[in-house]
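Student: Could we go through this structure together? I would like to start with a local backbone detail and then move outward.
Tutor: Certainly; here is the model.

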Amino acid sequence: MIPDGFPDGFYGQGHPYGLYEEVRAEGGLVRHPSLPLWVAASHAAVHAVASDPAAYRSGDGILIDEIGKPFDTPPTIMHTDPPEHGRYRGLVAPAFRPSAMRRLEGEVRERIRALLEPVEAGRPFDVVAELAVPLPLQVICLLLGIPEDDWPRFFRWSESIVPGAAPELSDEERAALRMEAGLYLVEVSNERRAAPRDDVISQLAQAEVDGDRLTDVEMVMFLIQLLVAGNETTRHAISGGLLAFAENPDQWEAMKRPGAMPTAIEEILRWASPVVYFLRTATRPAVLVGRKVEAGDHIMLLYGSANRDPEAFGPDVDRFDVTRRPEAPGLAFGYGPHFCLGAALARMEMRLVLQELRARHGTVTVTGEPVYNGSPVVVGLRSLGLAFG
């Protein structure tokens with residue numbers, strides 16, 4: 001049964017997979033008992049909505065607290081719909097093409113090796129604080145061209161933006177950090193307009209949409225999205241994947257098999273599913289997995305539930321299996337026009353982490369109780385003690 005609202009601590013142990021199973025058993029699409037929305041929990045429902053932006057739009061808000069609140073300008077590119085979404089996406093997409101990621105690979109590998117250098121066999125190692133947090137942050141800052149002295153500030157800004165990611169922050173502190181981030185990014189954008197460099201901020205600062213340069217507000221919109229998407233989700237995929245290996249040592253051994261890496265990365269993404277949900281709004285009446293949806297209805301896409309749907313991934317869906325080859329697409333990066341721009345970057349970082357760890361260590365074990373952030377939007381680990389042997 002879906003609870004009224006999503007109380008504090010609801011995601012304190014990660015995804016509530018038992019609840020997800022109950023919703024799928026009710027048909028995969030159910031009315032929330034107190035919020036003005038449908039909950040889509042089956043792979044079929046989430047995939048159908050994500051695939052059809054004409055029927056299910058993003059511009060009316062993608063988070064629960066945005067329902068009914070109009071935007072003067074889109075807060076992120078994720079709040080835009082075709083054709084506007086395509087024009088915006090085209091500006092930044094070249095920076096995240098697989099060919100661009102390959103050029104970055106050598107530097108990312110060196111950063112991973114530096115982060116892993118202190119790891120000693122048998123010594124407890126917090127993979128969140130010492131690997132999963134700094135690596136994606138370093139990589140996205142490198143892409144943006146941010147001076148290394150400013151990288152710690154970007155971590156705090158990222159934490160302040162994701163609801164629930166840093167519960168120790170008050171609303172006032174969050175607002176102050178977001179303002180600080182916006183002012184910094186406007187200043188850097190103006191500097192790169194005047195003196196472009198070989199980085200993503202310069203690329204956006206020089207870009208045009210329908211003959212017009214991006215405004216300061218649009219620049220901040222893009223850069224905040226890149227900061228959060230390039231940092232938070234990859235962090236939780238890396239740490240969630242390593243926890244899965246520690247809890248399933250046979251799968252760490254299975255990584256020795258030739259060709260195991262690509263399927264292992266997809267299984268980690270399915271298993272961890274860092275993004276809890278985003279909303280869409282129906283633009284017209286429709287029948288969705290057998291339920292009648294009216295124009296204006298909000299639909300919550302539960303990606304973690306869709307990625308544990310046995311109808312899509314088989315009866316052993318609750319088993320972590322790095323050799324899994326499902327026919328259905330995983331939805332950790334979303335689907336359709338809003339498919340994550342940084343997917344190739346995240347997969348590259350995950351692959352290099354696994355290669356470097358697997359080359360050094362034959363075992364991985366849990367040394368302490370995993371602690372989750374409890375965020376209802378991007379859920380993952382705040383700390384995780386592991387030992388490699």
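**Backbone details, core and overall form**

Tutor: Val289 is placed in the loop between β8 (286-288) and β9 (291-293). Please keep in mind that this is a predicted model.

Student: What is the phi of Val289?
Tutor: Val289 has a positive phi of about 40°, although Val289 is not a glycine.

Student: And is Val289 buried, partly exposed or exposed?
Tutor: Val289 is partly exposed, because its relative accessible area is 33%.

Student: Which loop holds Ser273, and what is its phi?
Tutor: Ser273 lies between α12 (260-272) and β7 (277-282), in the loop that links them. Its phi is near 40°, again a positive value in a residue other than glycine.

Student: Is Ser273 buried or exposed?
Tutor: Ser273 has a relative accessibility of 0%, so it counts as buried. One of the residues that touch Ser273 is Asn307.

Student: Where does Asn307 lie, then?
Tutor: Asn307 is in the loop between α13 (303-306) and α14 (310-313). It counts as buried because its relative accessibility is 0%.

Student: What else does Asn307 touch, beyond its sequence neighbours?
Tutor: Leaving out residues up to four places away in sequence, Asn307 touches Leu269, Arg270, Ser273, Phe313, Val317, Gly330, Leu331 and Ala332. Phe313 and Leu331 also appear among the residues touched by His43.

Student: Where is His43, and what is the rest of its list?
Tutor: His43 belongs to helix α2 (residues 43-51). With residues up to four places away in sequence set aside, it touches Ala306, Asp309, Ala312, Phe313, Ala328, Pro329 and Leu331. Its relative accessibility is 7%, so His43 counts as buried, the limit being under 20%.

Student: Changing topic: which peptide bond is cis?
Tutor: The bond from Pro82 to Pro83 is cis, with omega near 0°. Pro83 is in the loop between β3 and α3.

Student: What about Asp60: which loop is it in?
Tutor: Asp60 is likewise found between β3 (56-57) and α3 (84-92), in the loop there. Asp60 is partly exposed, because its relative accessible area is 32%.

Student: Which residues are in contact with Asp60?
Tutor: Beyond its neighbours within four places in sequence, Asp60 is in contact with Glu66, Phe71 and Thr281. Thr281 falls in β7 (277-282). As for distances, the C-alpha atoms of Asp60 and Pro74 are 9.6 Å apart, with their positions 14 residues apart along the chain.

Student: Now the interior. How many residues are in the largest nonpolar core?
Tutor: That core has 128 residues, and those with the most contacts inside it are Phe154, Leu204 and Ile299. Helix α10 (residues 216-247) supplies the largest share, with 16 residues.

Student: What is in contact with Phe154?
Tutor: Apart from its neighbours within four places in sequence, Phe154 is in contact with Leu137, Cys141, Leu144, Ile146, Tyr184, Leu185 and Leu227.

Student: Which residues of α7 are buried, and what covers them?
Tutor: Trp151, Phe154, Trp157, Ser158, Glu159, Ser160 and Ile161 are buried in α7. Their cover includes α4 (98-116), α6 (134-144), α8 (171-194), α10 and β13 (381-383).

Student: And Ile161, what does it touch?
Tutor: Ile161 is in helix α7 (residues 151-161). It touches Arg174, Arg178, Ile224 and Val228, not counting residues up to four places away in sequence. The C-alpha atoms of Ile161 and Leu227 are separated by 9.8 Å, while the two residues are 66 apart along the chain.

Student: Last, the whole chain. How many helices and strands are there?
Tutor: The protein chain has 15 helices and 14 strands. Of its 389 residues, 55% count as buried.

Student: Why does the radius of gyration agree with a compact globule?
Tutor: A compact globule of 389 residues would have a radius of gyration near 21 Å, and the protein chain has 21 Å, so the two agree. The C-alpha atoms fill a box of roughly 55 × 55 × 40 Å along the principal axes.

Student: What share of the contacts is long in sequence separation?
Tutor: Among contacts with a separation of 6 or more, 70% come from residues 24 or more positions apart.

Student: And the surface and charges?
Tutor: The accessible surface is about 16300 Å², with 54% of it belonging to carbon and sulfur atoms. There are 38 positive and 54 negative side chains, and the centres of the two sets lie 5 Å apart.

Conventions. Residues are numbered from 1 along each chain as its sequence is written. This is a predicted model: local features need pLDDT of at least 70, side-chain atom pairs count only at pLDDT 80 or more; totals for chains, interfaces and linings use all residues. Side-chain values use heavy atoms; hydrogens and water are left out. A nonpolar core is a set of buried Ala, Val, Leu, Ile, Met, Phe, Trp, Tyr and Cys residues joined through side-chain atoms within 4.5 Å. Buried means under 20% relative accessible area, exposed over 50%, partly exposed in between (1.4 Å probe, protein chains only). Helices (H or I, at least four residues) and strands (E, at least two) are DSSP runs, numbered from the N terminus. Contact means heavy atoms within 4.5 Å. The radius of gyration is taken over C-alpha atoms; the globule rule is 2.2 Å times the number of residues to the power 0.38. Accessible areas come from the Shrake-Rupley method with a 1.4 Å probe; for residues, only the protein chains shown count as cover. Lys and Arg count as positive and Asp and Glu as negative; His and the chain ends are not counted. The place of a charge is taken as NZ of Lys, CZ of Arg, CG of Asp or CD of Glu.
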